[in-house]
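Trainee: Could we go through this model together, step by step, with the reasoning spelled out for each answer?

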Amino acid sequence: MKVLNTGQSTVGWHRHGTMLLCPQKYAYSYAMGEKRREPKSAPFLGTLVHQGLAHLYLHMGLLQRGKHGGGGYERWSKAVARHATESDEGKLFTPPQQEELASHALKILRAYVNQYADADMQQLEILKVEHEIKVQIDGELYTQRADLIVRSRRDKKVYIWDHKTAGGFGLSYGAQQYTLSGQILGLDYLGTELYGADFGGVLLNMISTKRNDFERVFAGAAPDSRKRWLDTLRYARERIKALSDRDPLDYPRTLDPTVCYAYGGCDYFDQCRWGGES
């Protein structure tokens with residue numbers, strides 16, 4: 001069984017947003033290609049849930065098209081277990097930690113399936129799962145991965161879904177932060193470009209990892225940032241090109257603890273303190 005690629009797209013907002021957030025982090029992550037990861041349980045739990053959802057909706061789409069997806073629940077539960085032990089990120093954890101995280105993810109997914117699977121099978125047409133959208137913007141490739149693209153059987157509109165896991169705070173509160181997310185605004189831009197009047201918008205599929213609670217909300221309205229997203233992308237591209245000849249170890253740094261030490265610290269926190277490549 002193939003584990004689906006639920007990671008970053010090829011040349012997506014993750015690169016451009018990182019440059020805007022911290023040029024030095026961009027250099028470590030992309031110019032040098034280090035991609036260091038520290039074992040952080042909460043993000044990896046979200047990754048495991050994401051992997052399970054990908055296989056759930058892939059199987060659902062196969063059934064809708066008259067193809068036997070094989071395995072049902074067993075299919076996506078095996079995908080979670082395999083990702084926990086065989087992925088590069090999973091290997092950062094000990095076997096007991098891998099087992100605990102996979103078990104937690106499966107508990108969340110069982111509750112999700114019980115609440116949504118039958119209704120989604122009836123109300124949604126599954127179009128794409130973990131689909132990398134590729135477009136040319138100003139003659140340059142731009143990509144973003146859509147977690148799920150569906151057509152509603154109710155209004156016939158096409159929607160792009162983005163799965164988001166959240167911890168202890170309320171899901172609606174958690175969704176609010178994505179109103180000004182370049183990633184979400186980018187999906188909105190791409191959906192409009194690809195589907196025109198048939199595009200219904202971006203839906204956040206919010207999943208609580210603390211309470212096995214779920215909420216589906218549309219990305220909040222941000223008309224001014226929606227208009228300026230393309231200009232922001234162009235500015236990030238200019239910054240990337242302007243710094244491309246500089247030594248990656250000498251890129252400018254944000255030097256802001258709300259960035260450098262958010263969520264327990266950037267993966268390159270110690271490198272920025274002490275210097276060097278590792």
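Trainee: How many disulfides does the structure hold?

Mentor: Keep in mind that this is a predicted model. A pair of cysteine sulfurs has to lie within 2.5 Å to count as a disulfide, and in this structure the number of disulfides is 0.

Trainee: Which cysteine has the sulfur nearest to that of Cys22, which is in no disulfide?

Mentor: Cys22 is a buried residue, with a relative accessible area of 9%. Its sulfur has its nearest cysteine sulfur 5.9 Å away, and that sulfur belongs to Cys260.

Trainee: Why is the sulfur of Cys266 not bonded to the closest cysteine sulfur, in Cys272?

Mentor: A disulfide requires the two sulfur atoms to be within 2.5 Å. The sulfur of Cys266 is too far from that of Cys272 for a bond, because the distance between them is 6.4 Å.

Trainee: Is His16 buried or exposed?

Mentor: His16 lies in helix H1, which covers residues 13-21, and beyond its neighbours within four places in sequence it is in contact with Val11, Tyr142, Leu233, Ala236, Arg237 and Ile240. The limit for a buried residue is under 20% relative accessible area. Because the relative accessibility of His16 is 3%, this residue counts as buried.

Trainee: Which residue offers the backbone oxygen that the side chain of His16 reaches?

Mentor: The side chain of His16, a residue of helix H1, comes to 2.9 Å from a backbone oxygen, and the residue that carries this oxygen is Gly12.

Trainee: How are H7 and H8 oriented to each other?

Mentor: The axes of helix H7 (residues 182-195) and helix H8 (residues 223-243) come within 10 Å and cross at roughly 85°. Angles of 65 to 115 degrees fall in one class, and the two helices are therefore roughly perpendicular.

Trainee: Which residues of H8 are met by H7?

Mentor: By class, this contact of H7 with H8 has 4 nonpolar, 4 polar and 2 charged residues. From H7 come Gly182, Leu185, Gly186, Asp188, Tyr189 and Thr192, and in H8 they meet Ser225, Arg226, Trp229 and Leu230.

Trainee: Which residue has its backbone nitrogen 3.1 Å from a polar side-chain atom of Ser152?

Mentor: Ser152 is found in strand S2, residues 140-152, and is buried, with a relative accessible area of 11%. Leaving out residues up to four places away in sequence, it touches Gln123, Lys157 and Tyr159. The backbone nitrogen at 3.1 Å from the polar atom of the Ser152 side chain is that of Arg154.

Methods: Residues numbered from 1 in each chain as written. Predicted model: local features only at pLDDT ≥ 70, side-chain atom pairs only at ≥ 80, totals over all residues. Heavy atoms only, no water. Buried < 20%, exposed > 50% of the residue type's maximum accessible area, 1.4 Å probe, protein only. Helix = DSSP H or I, 4+ residues; strand = E, 2+ residues; numbered from the N terminus. Polar contact = N/O pair within 3.5 Å; in protein donor to acceptor, adjacent residues only side chain to side chain. Contact = heavy atoms within 4.5 Å. Axes fitted to C-alpha atoms, helices over the stretch in contact; angles between N-to-C directions. Parallel < 35°, antiparallel > 145°, perpendicular 65-115°, else oblique. Nonpolar A, V, L, I, M, F, W, Y, C, P; charged D, E, K, R; others polar.
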